[in-house]
Amino acid sequence: MSPASLLNDFRGRLPRPSAMQIGIARSDLLRAIAREDGDTAIQPPVAPFPRLTIAALAIALVAVVLVLALLLGALPGPR
Amino acid sequence: MDPLPADASDAALIRASLEQPDLFTRVFDRHFVEIHAFVQRRLGARLANRIATRTFVEAFNARAAFGDRNDDARPWLFGIAVKLVARHHRRERRRLRAYARRGPSLLGDATEVALERGSPRASSRELARAIARLDYESRDALLLTEWAGLDATGVAAALNCEIAVAGRLVADARRTVSASATTRTFPSHRPSTLERTG
């Protein structure tokens, strides 16, 4: 054998993975696909202003108004 | 419904799978056995299933990044496989060295038996020893060429480097391995007149 052909000989031939191994690998891929499908299917559309945000804004607004009222009430008016 | 013909290119399937994810299974059906064989050669049967499977799951998750690559997805898939194999590079080196020391009886693995086929045991062992000595990048480049059958363009795509760099890596690795294996296997070998003048 010539030295130059060593690398070619090193290639050899390998047995194919069994049908069961291929099936298991395919199932894993299908699970990943299903996960992605599930992600897009289950994920609710994002509301522009979720309820919680609106409630928080309302509370903050009321608080600001109250503070302003208190401050203005406490300030000495023109006599 | 599967809108693409049976002979649709890998690239077309991958792009279409962005809208219809299950089309990606056709890419799996085309290339799984080849990726599996490559990983099995490098790391053995035990890890081959896990890594070949992982390759396709990662490819699926990253398919949006496939972009405008060539029609053939093999370099891309091999590139992912090589990154996963890299996590086990110590194991690969240990395997090659063990093979070089003791031959196929050590692991009793189909890979080693296959390596022996058609090649004198001593030369395969020297070759394994020489490949184990290569740095990781050179080993990847060489094995992507010899075992995965990629050309320089494919190796460059898999390793994410310039084509010229890939070509040089392969040429250097081939020269190093051939020289190393030849020296140890054929200690009395001298280049023939034809080789010297060629």
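Start by selecting Gly23(A) and Ser27(A): the backbone oxygen of Gly23(A) lies 2.8 Å from a polar atom of the Ser27(A) side chain. This is a polar contact, a pair of N or O atoms within 3.5 Å; within protein, one must be able to donate a hydrogen and the other to accept it, and residues adjacent in sequence count only if both atoms are side-chain atoms. What you have open is a predicted model, where local features need pLDDT of at least 70 and side-chain atom pairs count only at pLDDT 80 or more, while totals for chains, interfaces and linings use all residues. Residues are numbered from 1 along each chain as its sequence is written, chains are lettered from A and ligands numbered from 1 in the order in which they are written, and side-chain values use heavy atoms, with hydrogens and water left out.

**Stop 1: chain A**

Stay with Ser27(A), which sits in helix α2 (residues 19-42) of chain A. Helices (H or I, at least four residues) and strands (E, at least two) are DSSP runs, numbered from the N terminus. Ser27(A) is partly exposed, with a relative accessible area of 32%. For that scale, buried means under 20% relative accessible area, exposed over 50%, and partly exposed in between (1.4 Å probe, protein chains only).

Now add Ile59(A) to your selection. How far apart in space are Ser27(A) and Ile59(A), C-alpha to C-alpha? The answer is 51 Å, for two residues that are 32 residues apart in sequence.

Zoom out to the whole of chain A, and you will find three helices and zero strands, in the order α-α-α along the sequence. Of its 79 residues, 16% count as buried.

**Stop 2: confidence in chain B**

Colour chain B by pLDDT, the predictor's confidence in each residue, from 0 to 100. The mean for chain B is 80, and 78% of its residues reach 70 or more. Among the elements of chain B, helix α4 (residues 74-86) has the highest mean pLDDT, 95, and helix α11 (residues 193-197) the lowest, 40. Two stretches deserve a look here. Residues 105-120 of chain B have a pLDDT below 50, and beyond near neighbours in sequence this stretch has 40 contacts in the model; a contact means heavy atoms within 4.5 Å. Residues 185-198 of chain B are also below 50, with 13 contacts beyond near neighbours in sequence. For the complex, the predictor gives an ipTM of 0.74 and a pTM of 0.70.

**Stop 3: aromatic rings**

Over all chains, the structure holds six aromatic pairs. Rings of Phe, Tyr and Trp (its six-membered ring) pair if their centres lie within 6.5 Å; planes under 30 degrees apart count as stacked, over 60 as edge-to-face and the rest as tilted.

Select Phe24(B) and Phe60(B). Their ring centres are 5.5 Å apart and their planes at 70°, so this pair is edge-to-face. Phe24(B) belongs to helix α2 (residues 24-43) of chain B and Phe60(B) to helix α3 (residues 45-61) of chain B, so the pair ties together parts 36 residues apart in sequence. Phe24(B) is buried, at 0% relative accessibility, and Phe60(B) is buried at 0% as well.

Next, pick Phe32(B) and Phe56(B). With centres 5.9 Å apart and planes at 50°, this pair is tilted. It links helix α2 of chain B, home of Phe32(B), with helix α3 of chain B, home of Phe56(B), across 24 residues. Both Phe32(B) and Phe56(B) are buried. Add Phe28(B), and ring pairs link Phe28(B), Phe32(B) and Phe56(B) into a cluster.

**Stop 4: the core**

Which residues have the most contacts inside the largest nonpolar core? They are Phe24(B), Trp76(B) and Leu144(B), in a core of 63 residues. A nonpolar core is a set of buried Ala, Val, Leu, Ile, Met, Phe, Trp, Tyr and Cys residues joined through side-chain atoms within 4.5 Å. Click on Trp76(B): leaving aside neighbours within four places in sequence, its contacts include Ile14(B), Phe24(B), Ala59(B) and Phe66(B).

**Stop 5: two more helices**

Move to helix α8 (residues 136-146) of chain B, where 10 of the 11 residues are buried, so this helix is largely enclosed by the rest of the structure. Among the buried ones are Tyr136(B), Asp140(B) and Leu144(B). At the start of α8(B), a side-chain oxygen of Asp135(B) reaches to within 3.2 Å of the backbone nitrogen of Glu137(B).

Finish at helix α9 (residues 152-159) of chain B, whose buried residues include Gly154(B), Val155(B) and Leu159(B). Asn160(B) follows α9(B) and lies in the loop between α9 and α10 (163-185) of chain B. Is Asn160(B) buried or exposed? At 70% relative accessibility, Asn160(B) counts as exposed. Its phi is positive, near 60°, in a residue other than glycine. Most residues other than glycine have a negative phi.
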